[in-house]
Amino acid sequence: MLNYIWSFMILISIIFAMINGRLDVLATQALDASKDAVSMIISLSGAMCFWSGMLKIAEQGGLTRALAKFLKPLTRLLFPSVPSNSDAAGAIISNMSANMLGMGNAATPFGIKAMQELDILNRHSPYASDAMCMFVVINTASIQLIPTTMIALLSGAGANNPFDIILPTLISSFTSLIFGALLCSALSHTSKSPPLKRGVK
C-alpha cells in the first residue's frame, strides 16, 4: 500500500510540475533531497554506532535481565490472563525490556513472538483477545529510557542539545501508555459487543 501511496504522490508532483512549467525545479529539488538524505545517513552513522554499542554493553552487563525482573510484576497486572511462566509472558517481557533500552531491532522479533504465543493462548481465534489488544497498546507506546534514534536524528540535524528530547519523550510516552492501558482495560471489562476481529479496521 505504501508503494502505491508514494507512487501516487510522485506522479502528482510530476504532473503539477509539468502544468506549471517547473520540471527543472522538481528535478533540482529531487537531486538536492537525495544528496541531503545521503549526508544525513552518514552523519547519523557515528551516533547510531555509539548508542548501539552502549546498549549492547548494557545488555551484556545484565541490564536487560534486571529490567525483565523489574517488569515481571507489571506484566502480571497488565496481562492477568497470561500465565507468568508461559512463553508469551517471556516474550512480552523481552519486548518491553528491549524497547525501554532503545533496541528496536531486538524488540521487533520479541514482539512478533509474543503475538504468536498470545495467538496460541487465544486458540487461534479469529478475534483478538484482551491480552493481544493490551500488548498492541503497550508496544505502540514503546517507552524508551533513552530515545537513541531521535537523539541521533537531532544530532545529525545540528541540534545544540539533542538530549533535551529525553524528558519530553518520557513524559509523553508514559502518559500515552497509562491512558492507553487504562482505556484498554476498561473496554475489556465493560464492552458488551463482540470482540474486535483481527485485520478489520
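**Backbone, helices and enclosed spaces in an all-helix model**

H124 is found in the loop between α5 and α6, in what is a predicted model. The phi of H124 is near 55 degrees, a positive value in a residue other than glycine. R123 sits in the loop between α5 and α6 as well, and R123 also has a positive phi, of about 55 degrees, although it is not a glycine. These values invite a second look, because most residues other than glycine have a negative phi. As for solvent, R123 has a relative accessible area of 75% and is therefore exposed. H124 is exposed too, because its relative accessibility of 54% is over the 50% cut-off.

Stepping back to the whole chain, the secondary structure comprises 8 helices and 0 strands. Along the sequence this reads as α-α-α-α-α-α-α-α. The protein has 201 residues, of which 27% are buried. Among contacts between residues at least 6 apart in sequence, 64% join residues at least 24 apart.

Helix α5, which precedes the loop described above, spans residues 104–121 and contains both K113 and E117. How close do the N and O atoms of K113 and E117 come? The closest N and O atoms are 2.9 Å apart, and the two residues form a salt bridge. Such an arrangement fits a general expectation: side chains of opposite charge can pair when their charged atoms come close. K113 and E117 are 4 residues apart, about one turn of the helix. The count for the structure comes to 1 salt bridge. The partners differ in their surroundings: K113 has a relative accessibility of 37% and so counts as partly exposed, whereas E117 is at 12%, and so counts as buried, buried being under 20%.

Helix α7 covers residues 148–156, and T148, I151 and A152 are buried in it. Seen down the axis of α7, these buried residues fall within an arc of 100 degrees, so they line one face of the helix. S155 is also part of α7, but with a relative accessibility of 40% S155 counts as partly exposed, because that value lies between the 20% and 50% cut-offs. S155 and M40 are 115 residues apart in sequence, yet their C-alpha atoms are 10.0 Å apart in space. Just after α7 comes G158, where phi is positive at about 90 degrees.

Further along, S173 belongs to helix α8. Is S173 buried or exposed? S173 is buried, because its relative accessible area of 7% is under the 20% cut-off. With neighbours within four places in sequence left aside, S173 is in contact with A141 and I143. A141 is the last residue of α6, which runs over residues 130–141.

Helices α6 and α8 meet again in the account of the largest pocket. This pocket holds about 590 Å³ of space. Its lining has 28 residues, with L74, L78, M134, I138 and A181 lying nearest the centre. Two or more lining residues come from each of α3 (63–78), α4 (87–100), α6 (130–141) and α8 (166–190). Which helix gives the most to this lining? It is α8, with 9 residues. In chemical class, the lining of the largest pocket divides into 20 nonpolar, 7 polar and 1 charged residues.

The structure also holds 1 cavity of 30 Å³ or more. About 50 Å³ of space lies in the largest cavity. What lines this cavity? The residues concerned are T75, R76, F79, V82, P83, S84, A89 and I92. The elements that supply two or more of the lining residues are α3 and α4, and α3 and α4 also appear among the elements that give two or more residues to the lining of the largest pocket. By class, the cavity lining comprises 5 nonpolar, 2 polar and 1 charged residues.

Methods: Residues numbered from 1 in each chain as written. Predicted model: local features only at pLDDT ≥ 70, side-chain atom pairs only at ≥ 80, totals over all residues. Heavy atoms only, no water. 1 Å grid on protein atoms, 1.4 Å probe; cavity = no way out; pocket = protein on both sides within 12 Å on 5 of 7 lines; lining within 4 Å. Points joined across faces, edges and corners; volume = space filled by probe spheres on them. Nonpolar A, V, L, I, M, F, W, Y, C, P; charged D, E, K, R; others polar. Salt bridge = Lys/Arg side-chain N within 4 Å of Asp/Glu carboxyl O. Buried < 20%, exposed > 50% of the residue type's maximum accessible area, 1.4 Å probe, protein only. Arc of directions from axis to C-beta. Contact = heavy atoms within 4.5 Å.
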